[in-house]
Amino acid sequence: MYGSQCVPHSVDLIPVSLPMTEPFRISSGVVDSKTSILVRIEEDGLIGWGEASPMSGAFYSKETPESTLAFLRAEAIPEWISLGSPGPDFIIQKLRETQSNRFGWTGLEGALWDLSLQQEGRSFRDTFGGNARSVESGLAIGIYPTIDQLVERCQYYLRDGYKRLKIKIEPGWDIEPLQAIRDAFPNVPLMVDANAAYRREHFTLLKRLDDFDLLMIEQPLASEDLEGHAELQRMITTPVCLDESADSADRVREAIRLKACKIVNIKIQRVGGLSAAKEIHDLCESEGIANWMGTMPELGIASLHGLYMATLSNCLYPTDVESSRRWFTEDVIQPEITVVDGLVTLPVEHQHRPFVDEARVEKYRMDLGN
Ligand SMILES: [Mg+2]
């Protein structure tokens, strides 16, 4: 709990851990529970909620729940207070000075936007969204021990009518599972995500992906290898989509200059907040590069932020935000996110801002040390 003499507010950093419905395996590791750091700021009777949502175990990024909590507690919140508790815009300025701890900044920024928009009587959609009333959702499926299990899981979840299917690939788990998926679901809009698992020596193999009529191949190569992505994009007709590489507007600008991609997946958490995400969206739109909204996946607060942004004009592919129950046995928002016929329609409770269930937050509060 923090306080300041000049602005009456309190800040709580609340680590929560929710069980996942099944373990999620990608090329770099596996997770079976979801830990987020919730940021709760109370000021003048209003409560703002944010979510910092790095994956556990540092296999997606260097930032973990533990490091993010420590950063928020020891650096971000004290700095925000020392500056006189400014509004959310100070964070994108901060990110121009230092490009680290983006997950932590995202959690604080979300809470500050929630507070300031309530104070101004505006909604997230007014500020960050477009006109669409509902959002197309895509299904993301991890890596399984057998191809039969993969096909069975796809079949199970595709009953909800998801608008496209994304499977995770890695060397040794690519052509065969893709062939099986194409045989089982010949007409489903399909894409693959490699989470940076391939190297330039795999280009001949990656060229074979052109046979599967994919919407895109997401992050085939290492995050820093923009030149490699450009070389690959010249060799293949399947559009290259950047995810891990697209961590700031400057990096995206460089990727576009090199022609390293045709599509950029925007993840609010990875880029440091809603303002940074909007900046990348607008840059891509002006350069003719398509976007869609990705997810870590996050709990409901951050997922709703993604859904608000997924209504923007340049988000041209289905989002990775799925129904809450796809990943978690419960969520911290009420009502939870549901997908019907592949569409998420925002419930009235979340039209303006995420409606958080504080009892659920308490139920899943955990001790993360420090
Ligand atoms: Mg990805």
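How many of the residues of helix α12 (residues 300–309) are buried? We get to that helix in Figure 5, after a look at the model as a whole.

**Figure 1. How sure the predictor is about this chain.** Here we start with a predicted model, in which local features need pLDDT of at least 70, side-chain atom pairs count only at pLDDT 80 or more, and totals for chains, interfaces and linings use all residues. Residues are numbered from 1 along each chain as its sequence is written. The score in play, pLDDT, is the predictor's confidence in each residue, from 0 to 100. Averaged over the chain it comes to 93, and 96% of the residues score at least 70. Residues 1–5 are another story: their pLDDT stays under 50. For that stretch the model has 10 contacts beyond four places in sequence, where a contact means that the C-beta atoms of two residues, placed from the backbone, lie within 7 Å.

**Figure 2. Two domains and where they touch.** Domain 1 covers 9–122 + 358–363, while domain 2 covers 126–350; such bounds come from an automatic or database domain assignment. Taken over C-alpha atoms, the domain centres are 22 Å apart. Domain 1 puts 34 residues into the contact and domain 2 puts in 31 residues. On the domain 1 side, the elements giving two or more residues are β1 (9–26), β2 (29–43), β3 (46–52), α2 (89–97), α3 (102–120) and α14 (358–363). Those names follow DSSP runs, numbered from the N terminus: helices are H or I with at least four residues, strands are E with at least two. That side of domain 1 splits into 18 nonpolar, nine polar and seven charged residues. For that tally, Ala, Val, Leu, Ile, Met, Phe, Trp, Tyr, Cys and Pro count as nonpolar, Asp, Glu, Lys and Arg as charged, and the others, Gly among them, as polar.

**Figure 3. An open sheet of seven strands.** The order is β5-β6-β7-β8-β9-β10-β11, with parallel pairing; two strands pair if DSSP finds at least two bridges between them. At the edges stand β5 (139–141) and β11 (290–293), each with a single partner strand, so one side of each has no neighbour in the sheet. Moving along from one edge, β5 and β6 share three bridges, and L139 has L165 as its bridge partner in β6. To get from β5 to β6, the chain runs through helix α5 (residues 147–158) in a right-handed β-α-β crossover. Right-handed here means that, with the strands pointing away from the viewer, the path from the first strand over the helix to the second runs clockwise.

**Figure 4. Strand β6 and what comes after it.** Both faces of β6 (residues 165–168) are covered, with L165 and I167 buried on one side and K166 and K168 buried on the other. A residue is called buried if 20 or more other C-beta atoms lie within 10 Å of its own, exposed if 12 or fewer, and partly exposed in between, with C-beta atoms placed from the backbone. Four bridges link β6 to β7, and K168 finds its β7 partner in D193. Helix α6 (residues 175–184) carries the chain over from β6 to β7, again as a right-handed crossover. Next in line, β7 (residues 190–193) is joined to β8 (residues 217–218) by two bridges, with V192 partnered by I217.

**Figure 5. Helix α12 and the cis bond in the loop before it.** Back to the opening question: 10 of the 10 residues of α12 are buried. Among them are G300, L304 and Y308. P297 sits in the loop between β11 and α12, and a cis peptide bond with omega of about 0° joins M296 to P297.

**Figure 6. N291 and its surroundings.** N291 belongs to strand β11 and is buried, with 27 other C-beta atoms within 10 Å. N314 is 23 residues away in sequence, yet its C-alpha lies 5.8 Å from that of N291. Leaving out residues up to four places away in sequence, N291 touches V264, I266, H281, C284, N314, C315 and L316.

**Figure 7. Two positive phi angles side by side.** N195 has a phi of about 45°, and A196 has one of about 65°; neither residue is a glycine. N195 lies in the loop between β7 and α7 (203–207), as does A196. N195 counts as buried with 21 C-beta neighbours inside 10 Å, and A196 counts as buried with 22.
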